[in-house]
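Student: I should like a close look at a single part of this model, followed by an account of the side-chain contacts elsewhere. Please begin with the loop residue whose backbone is out of the ordinary for its residue type, and go on from there.

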Amino acid sequence: MKLFNTILPMALAVLLAAGCNGVNTGQFKQPKETAKIIHTTSFHPSEANPLECGEPFDGNNLYPNKDEYLDSYGNPLLETWYHPGGETFIYARYYYSNHTFGQLEKVVQYQPPMKPKVAKFTRDKNGAVIGISETIILPDKFFEKKEVDRTSTFKETTVTDTKSVESTSTPLENNQLQVDYKSTRTDSVVELGTKVYDQNTGALTEHSGIEYDKTEVKRAFGKRYEYTPEGKVKRLVNTDATGTGFYTWEYDDHGNWVAYKYWKEPDDGNTYTQDKVYTYNENGDWTKCITTTNGEVEAIVTRTIEYLK
């Protein structure tokens with residue numbers, strides 16, 4: 001009887017730790033490798049003073065409200081997204097096969113009360129990702145399900161919930177790589193296109209394509225990318241049926257985007273500009289960002305940072 005009285009509470013404790021639906025919620029507590037915790041909140045500007053915080057809100061896709069737990073290499077270990085009222089609506093736990101190089105082993109997404117999704121990563125001998133077992137969409141990240149056809153070095157097939165992609169790769173001069181692809185969606189819309197990558201950096205430099213619905217051309221486009229020495233996009237030229245759009249970005253010494261401008265030719269009479277001003281702490285981490293769009297303050301973001309190691 002004493003043994004039964006001991007075992008029963010232990011069993012109940014295990015069930016409670018796993019959650020009512022069998023989920024191991026313990027993995028979404030602070031990981032032991034945590035070296036830094038960042039708490040981010042986005043605010044509307046105050047009506048009385050646009051440079052001061054007003055009401056918090058959910059609509060900032062660039063800086064969503066969330067808590068981040070990072071290891072000593074800066075890799076995310078756990079992220080929890082929350083509404084301004086404090087309700088957590090989604091978790092993401094990151095596991096690594098190599099923390100030093102940030103090589104993910106798997107990502108667990110948990111959105112109560114649903115069961116978790118697990119994206120597992122398969123890598124080649126050089127560490128490049130060649131397979132992802134599950135598509136996971138997080139508020140500020142996207143992991144796309146990916147399967148590789150290993151019968152050919154130059155043929156890759158990507159499978160997602162909505163489309164399949166076949167592609168062939170051709171090396172070019174100046175260490176460029178051209179990838180020609182055919183994408184077929186479940187609704188039979190087909191896209192034929194070409195991407196060109198810089199093999200030194202892996203950066204996409206050109207992307208053009210035509211989208212067909214049966215035999216009718218639905219969309220045609222061409223894009224060219226330019227990068228900073230640090231690998232950030234500084235210029236994008238996008239051509240489609242309506243004209244050519246130009247996008248430019250500027251960055252500060254910390255690598256943060258501080259200015260953005262968009263215009264279109266033929267001139268549609270509209271120029272879109274956005275500027276960001278950051279405040280930093282003594283460790284060089286930013287703690288406040290004020291975003292101004294077309295001359296008006298749009299959002300203020302604050303970050304509270306806790307250093308553990």
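Tutor: Asparagine 174 counts as exposed, because its relative accessibility is 69%, in what is a predicted model. This asparagine 174 is found in the loop between β12 (163-171) and β13 (176-185). Its phi is positive, at about 60°, although asparagine 174 is not a glycine.

A second asparagine invites the same description. Asparagine 294 also has a positive phi, of about 50°, without being a glycine. The loop that holds asparagine 294 runs between β21 (286-293) and β22 (296-307). With a relative accessibility of 43%, asparagine 294 counts as partly exposed, since the partly exposed class lies between 20% and 50%.

Two further loops contain a cis peptide bond. One such bond joins proline 112 and proline 113, with omega at about 5°. Proline 113 belongs to the loop between β6 (103-110) and β7 (117-123). The other joins glutamate 265 and proline 266, where omega is about 0°. Proline 266 is placed in the loop between β19 (257-265) and β20 (272-280).

The aromatic side chains come next. Over the whole structure, a search finds 14 aromatic pairs. In one of them, the ring centres of tyrosine 247 and tyrosine 262 are 4.6 Å apart and the planes stand at 40°, so the pair is tilted. Tyrosine 247 lies in strand β18 (residues 243-251) and tyrosine 262 in strand β19, so this pair ties together parts that are 15 residues apart in sequence. Tyrosine 262 is buried, its relative accessible area being 17%. Tryptophan 257 and tyrosine 260 have ring centres 5.9 Å apart and planes at 70°, and the pair is therefore edge-to-face. Tryptophan 257 is buried at a relative accessible area of 18%, and tyrosine 260 is buried at 15%. These residues belong to one aromatic cluster, formed by Tyr247, Trp249, Trp257, Tyr260, Tyr262 and Tyr272.

Aromatic rings also receive charged side chains. Arginine 93 lies over the face of tyrosine 95, at 4.4 Å from the ring centre. Likewise, arginine 303 is placed over the face of tryptophan 286, with a distance of 4.1 Å from the ring centre.

Strand β1 offers a view of a buried polar side chain. Threonine 41 is found in this strand, which covers residues 36-45. Its relative accessible area is 13%, and threonine 41 is therefore buried. The side chain of threonine 41 makes a polar contact, of 3.0 Å, with the side chain of tyrosine 82. Leaving aside residues up to four places away in sequence, threonine 41 touches Pro56, Asn65, Tyr82, Ile300, Val301 and Thr302. Tyr82 thus appears both in the polar contact and in the list of residues touched.

Salt bridges complete the account, and the count comes to 10. Among them, glutamate 33 forms a salt bridge with lysine 32, with the closest N and O atoms 3.3 Å apart. Glutamate 33 is partly exposed, at a relative accessible area of 25%, whereas lysine 32 is exposed at 73%. Another salt bridge is formed by aspartate 285 with lysine 36, and here the closest N and O atoms are 3.2 Å apart. Aspartate 285 lies in the loop between β20 and β21 and lysine 36 in strand β1, so the pair ties together parts that are 249 residues apart in sequence. Aspartate 285 counts as buried, because its relative accessibility is 15%.

A further salt bridge brings together the side chains of glutamate 68 and lysine 66, at 3.8 Å from N to O. Both glutamate 68 and lysine 66 are buried. This salt bridge is part of a wider arrangement, in which shared partners join Lys66, Glu68, Glu79, Asp140 and Lys141 into one network.

Key: Residues are numbered from 1 along each chain as its sequence is written. This is a predicted model: local features need pLDDT of at least 70, side-chain atom pairs count only at pLDDT 80 or more; totals for chains, interfaces and linings use all residues. Side-chain values use heavy atoms; hydrogens and water are left out. Helices (H or I, at least four residues) and strands (E, at least two) are DSSP runs, numbered from the N terminus. Buried means under 20% relative accessible area, exposed over 50%, partly exposed in between (1.4 Å probe, protein chains only). Rings of Phe, Tyr and Trp (its six-membered ring) pair if their centres lie within 6.5 Å; planes under 30 degrees apart count as stacked, over 60 as edge-to-face and the rest as tilted. A charge sits over a ring if NZ of Lys or CZ of Arg is within 6 Å of the ring centre and within 35 degrees of the ring normal. A polar contact is a pair of N or O atoms within 3.5 Å; within protein, one must be able to donate a hydrogen and the other to accept it, and residues adjacent in sequence count only if both atoms are side-chain atoms. Contact means heavy atoms within 4.5 Å. A salt bridge is a side-chain nitrogen of Lys or Arg within 4 Å of a carboxyl oxygen of Asp or Glu.
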